[in-house]
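Reader: I should like to understand the terms applied to this model. Please explain each one as it arises.

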Amino acid sequence: MKVQRSVDGVRAVRLRMRRVRGLAVCLLLAVPVTAAGPLVAQASDAATTGIRDRNGHPFRTPAGSPLEPVHRLALLSATRDSLRDGIALADIGDRLGFWIRRDPGGKVEYAGAIHGGAFSRFDLEGPDQALIEVHYRIGVLFRARFGAVAARAELYHLSSHLGDEFLLDTGARPISTSREGLELMLQGSPASGLTVYGGPGVLLRATPDFEPLSLRAGAAWESPPGARARFHASVDYFGWAELGWEPAIAAELGAGLARGTRVGLLLGFGPSRAEQFFRQSERLIGLSVSHVR
């Protein structure tokens, strides 16, 4: 009888957890609609330019965020527990828009897309520059613009692996970080060249059972298109309940080389952007070249 009561108690707790997660998803889905409703109005060209990507679709990609699939090559110094290593980041990522619909009045836009990327980390200190870690993110995006406010909902999958040579050399044990989640963000352009964004996320499935809630926010600035020199600066914050909301900060400062391509200084503080080491804090500094199509 005691065993049966214990089993029934565990089932009841799991059922309550599922209901709590379902309620959290419903609340998160309601946030963008509630916040954006009063702001639906005819927006200025400057405001809508700041919240459209280069293909004219709503919600500009936060290219400075380590969570976004973009093309990137970076040579960095990584400091972790007073140990300093030279590493290289080689990221490949892109997105494909497959549908867009615009209101004839110009107030509302809807668009669908998929995006995905591979984020690799290499050891520059070793003789073979071996692969340390790689993780993958693929997602389905629903993007929209309501006047001067853009919104994005992403249903994503994420997984990671350690490099074979790194496993053999260090004897490290890989961990499971596989998970699926939903992230909702709003985006606006309060001033020319300035874009701000932010919103919550919730895990729908994870192995192991991670804490579900997260939060991302950031800002990006770039000089106007007519300027002789194109400069940019960005800062991105990510917090996750699983890590006690310890902030992961990524920042960039640099100049544009061509359409969608830029070079600059990359900084990182807080939990590692490498999924296999996400519980370890690190500091990154170095040069980065990135491209967003």
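**Terms and their grounds**

Author: In strand E3, alanine 113 is the bridge partner of glycine 97. The model is predicted, with local features requiring pLDDT of at least 70 and side-chain atom pairs pLDDT 80 or more, while totals for chains, interfaces and linings use all residues. Residues are numbered from 1 along each chain as its sequence is written, and side-chain values use heavy atoms, without hydrogens and water.

Reader: What makes E2 and E3 a pair?

Author: Strands are DSSP runs (E, at least two residues), numbered from the N terminus. Two of them pair if DSSP finds at least two bridges between them. E2 and E3 are joined by 15 bridges, so they satisfy the requirement of at least two. The two run antiparallel and form a hairpin with five residues between them. In the turn, glycine 106 has a positive phi of about 80°.

Reader: How do you know that E1 and E2 pair?

Author: Nine bridges connect E1 (residues 71-80) with E2 (residues 83-102) in the antiparallel sense. Threonine 79, for instance, stands opposite arginine 84 in E2.

Reader: What closes into a barrel?

Author: Twelve strands do, in the order E1-E2-E3-E4-E5-E6-E7-E8-E9-E10-E11-E12, with antiparallel pairing.

Reader: Why is a set of residues called a nonpolar core?

Author: The name applies because its members are buried Ala, Val, Leu, Ile, Met, Phe, Trp, Tyr or Cys residues joined through side-chain atoms within 4.5 Å. Buried means under 20% relative accessible area, exposed over 50%, and partly exposed in between (1.4 Å probe, protein chains only). The largest such core has twelve residues, including Leu76, Ile87 and Phe166. E1 gives the largest share, three residues.

Technical notes: Helix = DSSP H or I, 4+ residues; strand = E, 2+ residues; numbered from the N terminus.
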